[in-house]
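This report describes a protein fold, from the overall make-up down to single residues. Please look at the sequence and the structure first.

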Amino acid sequence: MTTRRVRTVYFYEVVRAKDDYNPRMDEVPWQRALEEMSAKPYEERRFVTPDGDRYIGEAVFSSDAMHLLVGRIGSGELQTVDLDHGHIEDLRLDGNRGFVDTTTVCFLEHNIIGMMGSSQASPRATAIQRWMNACGLAAEEIALWPVISQDVWTKLQNAKAVHNFEFTFRPNPAFMPPENSSIFGFKQTGDRYPDHRITFKVEVPKRGQATSRARGHRRLQEDAMHFMSELGYLIGPSGIERARALVSLPAEDGRIKEEPLDFLKHHVTAKKRVEVRSTEDARPRYTAAVEAILEAAQEHMSDLRGAVSG
């Protein structure tokens, strides 16, 4: 009997990490980079974080192209259950082997990548980004931006004023962004309220000195755009549950109108049913993820192209 599970495909754009004015890069020859990486020894494909988390990358071939697997090496403290008798036992591996939670990454046009994790413990966007930089997959330091509908980005960029910005998240120590990556202080708040549902809201008062309000609108617009560029750090399970803004936009008749923006709703993702490989199936497990990512990319091609065309 074939088992299928629902997985989410996330899309990100690969951009320059330290260029706020010109972040988009020329098309990177990812296939050549993956081929070169496939010849590297294990030590050059491994990355260890300051906290001791270990990641390993490997280039794989499927569906007529090279793709990337990034795995988080686990502790090995896994257990199994005997489904006939209900016995729970330790799972032990022979030789120098370990357990790994993997994320499959497919490189698409316009420096867009699609990724799908095998479990909630799989490497997320921030880990993929750090691995790519540490192991030199690109010629320069890169960042991963979530692919947001170009219409929403344009509205945020062209807003005459950003009146408020709010988001809600649940702290998860395993998936927190790097220290000081956001003005909103995820790390400090998460440490203090690890089991809470936390909402941040910044709002510019409607009354007060005009110059002060204008300065507040401008700063909030800058901070909202910076925050959205880092959305990939926390999106997904146990992450951000809401991210919204209220902005003023010019209407066709020349008047100014207020409009709410919902960023999570417009992050290009896709739910796919992925076949779980049985022990009798000789194909590698990642082939199902590759097929699902490429299928999702084809379904959302117009959205993806539009999001990076600006």
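The text below goes through the overall make-up, the nonpolar cores, two helices, one sheet and some residues with positive phi.

**Overall make-up**

The model is predicted. The protein has seven helices and 14 strands. Of its 310 residues, 44% are buried. When contacts between residues at least 6 apart in sequence are taken, 67% of them join residues at least 24 apart.

The count of disulfides is zero. Two cysteines can still be described by their cover. Cys 106 has 0% relative accessibility, so it counts as buried, since buried means under 20%. Cys 135 has 8% relative accessibility and therefore also counts as buried.

**The nonpolar cores**

In soluble globular proteins, nonpolar side chains tend to be buried together. In this protein the largest nonpolar core holds 29 residues, and the members that touch the most others in it are Leu 68, Phe 107, Trp 131 and Leu 137. Two or more residues come from each of these elements: strand 1 (3-16), helix 1 (30-38), strand 3 (54-62), strand 4 (65-73), strand 7 (100-107), strand 8 (112-117), helix 2 (125-134) and strand 9 (142-146). Helix 2 gives the most, with five residues.

Which residues does Leu 68 touch, leaving out those up to four places away in sequence? They are Leu 34, Met 37, Glu 58, Thr 103, Thr 104, Val 105, Phe 107, Trp 131 and Leu 137. Another core, of 23 residues, lies apart from the largest one, and its members include Ile 112, Val 147, Ala 288 and Ala 297.

**Two helices**

Helix 1 has Trp 30, Ala 33, Leu 34 and Met 37 as its buried residues. Seen down the helix axis, these buried residues fall within an arc of 95 degrees, so they line one face of helix 1. Arg 32 and Glu 36, on the other side of helix 1, are exposed.

Helix 2 is mostly covered, with seven of its 10 residues buried. The buried residues in helix 2 are Ala 125, Thr 126, Ala 127, Ile 128, Gln 129, Trp 131 and Met 132. Trp 131 is also one of the residues that touch the most other members of the largest core.

**A sheet of four strands**

One open sheet has four strands in the order 11-10-12-13, and the pairing is antiparallel. Its edge strands, strand 11 (198-203) and strand 13 (256-262), each pair on one side only. On average, neighbouring strands of this sheet are turned by 10 degrees against each other, direction ignored.

Strand 10 (residues 161-169) and strand 12 (residues 240-250) run antiparallel and are joined by eight bridges. Along this pair, Phe 165 stands opposite Ala 245 in strand 12, and Phe 167 stands opposite Ala 243 in strand 12. Strand 12 also pairs with strand 13, in the antiparallel sense and over seven bridges. Here Ser 248 stands opposite Glu 258 in strand 13. The hairpin of strand 12 and strand 13 has five residues between the strands.

Helix 3 (residues 150-158) lies across strand 10, strand 12 and strand 13. The direction of helix 3 is at about 135 degrees to strand 13.

**Residues with positive phi**

The table lists four residues with a positive phi and where they are found.

| Residue | Phi | Place |
|---|---|---|
| Asp 64 | about 65 degrees | loop between strand 3 and strand 4 |
| Asn 111 | near 60 degrees | loop between strand 7 and strand 8 |
| Gly 136 | about 65 degrees | just after helix 2 |
| Gly 254 | near 95 degrees | hairpin of strand 12 and strand 13 |

Asp 64 has its positive phi although it is not a glycine, and Asn 111 is likewise a residue other than glycine. Are these two loop residues buried or exposed? Asp 64 has a relative accessible area of 73%, so it is exposed, as exposed means over 50%. Asn 111 has a relative accessible area of 2% and is therefore buried.

Terms used:
Residues are numbered from 1 along each chain as its sequence is written. This is a predicted model: local features need pLDDT of at least 70, side-chain atom pairs count only at pLDDT 80 or more; totals for chains, interfaces and linings use all residues. Side-chain values use heavy atoms; hydrogens and water are left out. A disulfide is a pair of cysteine sulfur atoms within 2.5 Å. Buried means under 20% relative accessible area, exposed over 50%, partly exposed in between (1.4 Å probe, protein chains only). A nonpolar core is a set of buried Ala, Val, Leu, Ile, Met, Phe, Trp, Tyr and Cys residues joined through side-chain atoms within 4.5 Å. Contact means heavy atoms within 4.5 Å. The arc is that of the directions from the helix axis to the C-beta atoms. Two strands pair if DSSP finds at least two bridges between them. Axes are lines fitted to C-alpha atoms, for helices over the stretch in contact, and angles run from 0 to 180 degrees between N-to-C directions.
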